[in-house]
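Here is a model to look through together, one term at a time. Have it open while you read.

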Amino acid sequence: MDFQTFRQFVADEAAKLHIEEYELYYQLEESTSVSVFRHEVNRFSDSGEGGVCLRCLINGKMGYASTQLLSEESARALVRRAADNASVLESSEPEFLVEAGQSYQTAAVSTSPIPAADVLRKTALAGQDALYAQSGVVDGSRTEAFAEHIHIAIHNSRGLDLRYENTVSGAFLAAVVSNGEEKANSFKSCLGALEQLDLAGTAKEAADTARATLGAGIAPTGAMPVVFSPKAMSQLLGTYAGVFSAENVQKGLSLLKDKEGETIAAPSVTLVDDPFYKDSAMPIPFDGEGSPTRCKKVIENGVLNTLLYNLSTAAAAGKATTGNASKSSYDSKVGIRPFTMYLEKGELTQEQLLEKAQNGVLIDSLGGLHAGANTISGDFSLQSSGFLIEKGKKAAPVRSFTVAGNFFSLLRGIAAVADDPQPPTSPSFTAFVSPSVLVEGLTIAGK
Amino acid sequence: MISKEICERVLQKASSTGADYAELFAENTLNHAVNLVGGKVDSVHDSQIAGAAVRVFLGLRSVMATTVDTTESGLLRCAQRAAEALAEGKAEISISLRERLFGDIHPIRIVPASVANADKAALLKDACSAASEYDAAVVQVTGTLLDVDRRILVATSEGLWTQDRQIRTRMMVSAVAEVNGETQTGGCRPGARTGMELFEKVDPRAIGREAARQAVTMAGAGYCPAGVMPVAIGNGFGGVIFHEACGHSLEATGVAYGNSQFCDKLDQKIAHEKVTAIDDGTIPNDWGSINIDDEGTPARRNVLIEKGVLKTYMIDKFNGRRMGMASTGSARRQDFSFVPTSRMTNTFLAPGSDKEEDIIASIEYGLYAKEMGGGSVNPVTGEFNFAVNEGYIIRGGKVCEPVRGASLVGKGSDVIQKIDMVSDNLLCGQGMCGSSSGSIPTNVGQPLIRVSSITVGGR
């Protein structure tokens, strides 16, 4: 059964139960991927996945139910489940459906079909050749080529009828390198039309990064200046992005309560959220509720300009939505998320940041972010790998050490921001981008 | 769910280009969760997962195609896609399926869907109010009562046709406490492979109080000092150290491709002789337990390490081909849309003969990691990390003041040689484990252990 037919069954059942206000959110992701190991295709996957989420607004409460099964019976059950779920809700937040007739910006999307399996196979094999052309690359290295077509539709009882389609493709190269004594690994992905991917450049970056960590020593212990690489800083931003969610603030789960308009970061910090970011693979003109999206400065020169809002949290705060309603999956509750969130670049090079730091560590990558970072208190203690900074220059590699601090203090402690942001490489609506930054006052634990 | 006759036709189509193995996996799962914020029902998550995956193997090649269209024609199209992607050519094979039952070693009494939302909310309110009432320092409490009712069907070209129903229930309470302007969190998250009878054994109020106790203790704590020191790791969820440091590196997912610190180490001593580690999917009603895995292989008790010697890996059918080894009943997937691979079930360190008090008394200066948080590992290098949710300094053989913000980092192959004392108080804790085949329920467990030296991240 297709979505249009299913939609009619839902409308009929809703009318029968006198449910006047509802929304149907439909998402279908078709994806194909080919993996190569030892120059042979070892895995091929071809999937069609998605479903429908119904939201019913009954007596001011929004009840949800979702299904992947599109049939007349499941349409009826869906309406009854959503209504039953609405009946136990007690939260006092106002709930809304989006009005039809608003204007939306245009996003640069691709409507091309998913490339043929053979093109994916050739890309994955070429990626594997590119990896093995790098010195030190050994067995265990994997390459994958992937393509995904996403289709979203939002339809509500107020006449809203939005559609979105986009195709993304790319390759994922995982290099394992060895110097005969020890192994190290790193991966790198690239996005774009498969024929135009820079596989050689991506392979070189993956292999170089892995090779640079071979023979790594252990960092010293103590407080010292830390330079975060673009990758490490974007990992940290991604982990703590939830603190800017008005939902978390209103529920007492973010320390940014009552901080709009106040200085929360160093003057060099400007943090922007842009749904139409130039290098984003998934720009989108409407959010998870169907509100128009727009670019906004969350932090401007250290001052918290705005939190991120959806309709419900904006109404509770007496503001307008910022168009940041999210659906992390078709079946999830409407939450809040940024699109491409980026730290505006500064004027110094990474080398100049190292020069300023003099002696400390350059953190290239962070691990265990889901465990070692407390998003409420801001405290973190994270596994890291990177390089020593000695006399202002990048020196020997170090790994298996931790960096500890607090995200809110870190924002204030940013001493300099470099000019080297890296484009996002994940095929998703949310991405984090940052240049290198120099931070004072963090603790390193090594030997 | 899907008749044997339809499965036969789907498998025949899947094998039509020469596959030497074909499998149909179908699923119909209800995920339900009631969420409470600040004492009020904030949301109800209610989602039905329904779909199927066809997998075909030819030698060391595997193809999977998935669909949400589980009508016969939808399944046949899915099988056709898989067959075409695997190979060209034609093969005629006849498949005759026979139903097999592997029994149900995890009896369920109260099916969660039979309990009204309001009754679930009442249980959760009990837990959350106990957390709020615990101490005036508790400023926010959130809670979730979730249940999963998963029905799976596995049919294979080897003639297997079997079904299983997997029901799980879990309550999770998080508390936020503020002491002198310092905010910290605490949590308690018990779960089991049972229905709502879980709450006949587990008191919701005790869950709330434990979450609050941890938050209040940690909010009053100073920062953990950094350095290399001996660490005593508490029983229960402390078993996450073995899960991260070694468990993942013993999965065929990495081992089959040479990407593990423990490749080619079978029958060799890889750990201290006090270490015996077991992955057991057959423990009745435990959180990580299964009757059959997601390839239809019955669950097993696998002794991974016995007195320090590596005995087996955890293996699924496809990776087992590359390793020349049979499945250990370890294939798992979050749902039909994930390619199954070898994963853990209930993984724990077996109890030893040391006494808890002797372990603490043996440490002149170190850390007592009473409650662990989550962690992660890079199986290629074995480097792991995890968070300490509740830690105390040990000084002169005595547990002293609480410390917060600690993490433990190291390398799996090193740390299992440094587990040099193992007590006798085995306990398991519940977690969700994430890997390439998605997020699945796993138990981690251990008695109190001593790690003679490890890097503690703090400040």
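The questions below go through the helix pairs, the sheet, the domains and the chain contact.

Q: What should I know about the model before starting?
A: This is a predicted model, so local features need pLDDT of at least 70 and side-chain atom pairs count only at pLDDT 80 or more, while totals for chains, interfaces and linings use all residues. Residues are numbered from 1 along each chain as its sequence is written, with chains lettered from A and ligands numbered from 1 in the order in which they are written.

Q: Why is α1(B) called roughly parallel to α2(B)?
A: Helices are DSSP runs of H or I with at least four residues, strands are runs of E with at least two, and both are numbered from the N terminus. The axes of α1 (4–14) and α2 (72–86) of chain B cross at roughly 25 degrees and come within 7 Å. Axes are lines fitted to C-alpha atoms, for helices over the stretch in contact, with angles from 0 to 180 degrees between N-to-C directions. Angles under 35 degrees count as roughly parallel, over 145 as roughly antiparallel, 65 to 115 as roughly perpendicular and the rest as oblique. Therefore α1(B) is roughly parallel to α2(B).

Q: Why are α3(A) and α4(A) oblique to each other?
A: α3 (117–132) and α4 (199–212) of chain A pack at about 45 degrees, their axes 8 Å apart. That angle falls in none of the named ranges, so the two helices are oblique.

Q: What makes residues of α3(A) and α4(A) meet?
A: Two residues are in contact if their C-beta atoms, placed from the backbone, lie within 7 Å. On that basis A:A126, A:G127, A:A130 and A:L131 in α3(A) meet A:L199, A:A200, A:A203 and A:A207 in α4(A). This contact has 7 nonpolar residues, 1 polar and no charged. Ala, Val, Leu, Ile, Met, Phe, Trp, Tyr, Cys and Pro count as nonpolar, Asp, Glu, Lys and Arg as charged, and the others, Gly among them, as polar.

Q: Which strands are the edges of the sheet in chain B?
A: The open, mixed sheet has 6 strands in the order β13-β12-β11-β16-β23-β22. Its edges are β13 (309–310) and β22 (427–435) of chain B, each pairing on one side only.

Q: How do you know that β11 and β16 of chain B pair?
A: Two strands pair if DSSP finds at least two bridges between them. Here 3 bridges join β11 (277–280) to β16 (346–349) of chain B, and the strands run antiparallel. Within this pair, B:I278 has B:F348 as its bridge partner.

Q: How do you know that β3(A) pairs with β2 of chain B?
A: 2 bridges join these parallel strands, which satisfies the requirement of at least two. A:S66 stands opposite B:S47 in β2(B).

Q: How many residues does each chain give to the contact between A and B?
A: Chain A gives 60 residues and chain B gives 65. On the chain A side, β2(A) has the largest share, 11 residues. By class, that side has 18 nonpolar, 28 polar and 14 charged residues.

Q: Where do the domains of chain A begin and end?
A: Domain 1 covers 3–212 and domain 2 covers 222–445, with bounds from an automatic or database domain assignment. The contact takes 33 residues from domain 1 and 22 from domain 2 of chain A. The C-alpha centres of these domains lie 24 Å apart.
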